[in-house]
Amino acid sequence: MSLVILMHLPLIERYQSVKARMQQACLQANRPMDSVSLLAVSKTKPVEDIIQLSEQGQHCFGENYLQESLLKIQQCPELEWHFIGPIQSNKTKAIAENFQWVHSVDRLKISQRLSQQRPTDQPPLNILLEVNISEEASKAGFTPEELLKIAPEIAALPNIKLRGLMAIPQKSDGLEAQRKPLAKMRQLLEQLNTSNPEWQLDTLSMGMSADLEAAIMEGATMVRIGTDIFGARDNLKK
Ligand SMILES: *Cc1c(COP(=O)(O)O)cnc(C)c1O
């Protein structure tokens, strides 16, 4: 029932309702409201939607497809842009030049290219390492073992700043099942910070429309919400 109603709510109301869910989850998790930020995932959605949300104070937007995102960035250069999609080597230059954050770094080579290609007159590019936390054969990301081995090499690269970890866990129903892989992410971040206190990793990017609450309970600092803000995506454009 609630889903049907949500689909018909205008953008601003859906946005406010996601913000309210985040606040409720923070209360429940006993976390300060400002400890979790919202990344609005605007892939496949028109720039008009982005402008409407920016008028509500939304500053950070996540995009998956390079060509589409570059047009939006040109029109809204004052916003903060996060690349969250799969990265091919031939796309790293444009990503390094146009985004402030990259969540989906899943190979050493990609991080090296981003580092080399980040213009030195810009602040360091913020990087998250994607973890294949449910260890699914079909998914991108480092396994936890690979992550622990490779992270020091990436953290040492110039022009990028390693900020933390990102995951897209296997879909599961129910809060308890959802929390398990997210709890592993929290532990991995803690482990990296304990072995490398000088890194001061401060970002756990996890939680999408379906598992926002579970993610906040497990320490997410950035949730990436698309569908519940913008409505269902046009799957043809996937
Ligand atoms: C599309 C996407 C999201 C948003 O997912 P919703 O379920 O629509 O909220 C979040 N993260 C990544 C990496 C995505 O590709």
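Helices, at least four residues long, and strands, at least two, are DSSP runs numbered from the N terminus; with that in hand, here are close-up views of a predicted model.

**View 1. The second largest pocket, with α2 and β1 in its lining.** Both α2 (11–28) and β1 (37–41) give at least two residues each to this lining. The largest share, five residues, belongs to α2. In total 14 residues line the second largest pocket, and K19, M22, V36, S37 and L38 sit nearest its centre. By class, the lining holds seven nonpolar residues, six polar and one charged. The space inside comes to about 190 Å³.

**View 2. The largest pocket, where the ligand sits.** Here the volume is about 1000 Å³. Look for K43, I168, K171, M208 and R233, which lie nearest the centre among the 35 lining residues. Helix α8 (175–195) and strand β8 (222–225) each supply at least two residues of the lining. The classes in this lining are 12 nonpolar, 11 polar and 12 charged.

**View 3. The ligand and the shell of 13 residues around it.** The closest of these residues are K43, N64, S209, G226 and T227. Six residues of the shell are nonpolar, four are polar and three are charged.

**View 4. Polar contacts of the ligand with K43, S209 and G226.** A side-chain N or O atom of K43 is 2.7 Å from a ligand oxygen. For S209, a polar side-chain atom lies 2.5 Å from an oxygen atom of the ligand. G226 takes part through its backbone, with a polar atom 2.8 Å from a ligand oxygen. Of the 390 Å² of accessible area that the ligand has on its own, the protein covers 89%.

Note on methods: Residues numbered from 1 in each chain as written. Predicted model: local features only at pLDDT ≥ 70, side-chain atom pairs only at ≥ 80, totals over all residues. Heavy atoms only, no water. Near = heavy atom within 4 Å. Polar contact = N/O pair within 3.5 Å; in protein donor to acceptor, adjacent residues only side chain to side chain. Areas by Shrake-Rupley, 256 points an atom, 1.4 Å probe, with all protein chains shown as cover. 1 Å grid on protein atoms, 1.4 Å probe; cavity = no way out; pocket = protein on both sides within 12 Å on 5 of 7 lines; lining within 4 Å. Sits in = over half its atoms within 2 Å of the grid points. Nonpolar A, V, L, I, M, F, W, Y, C, P; charged D, E, K, R; others polar. Points joined across faces, edges and corners; volume = space filled by probe spheres on them.
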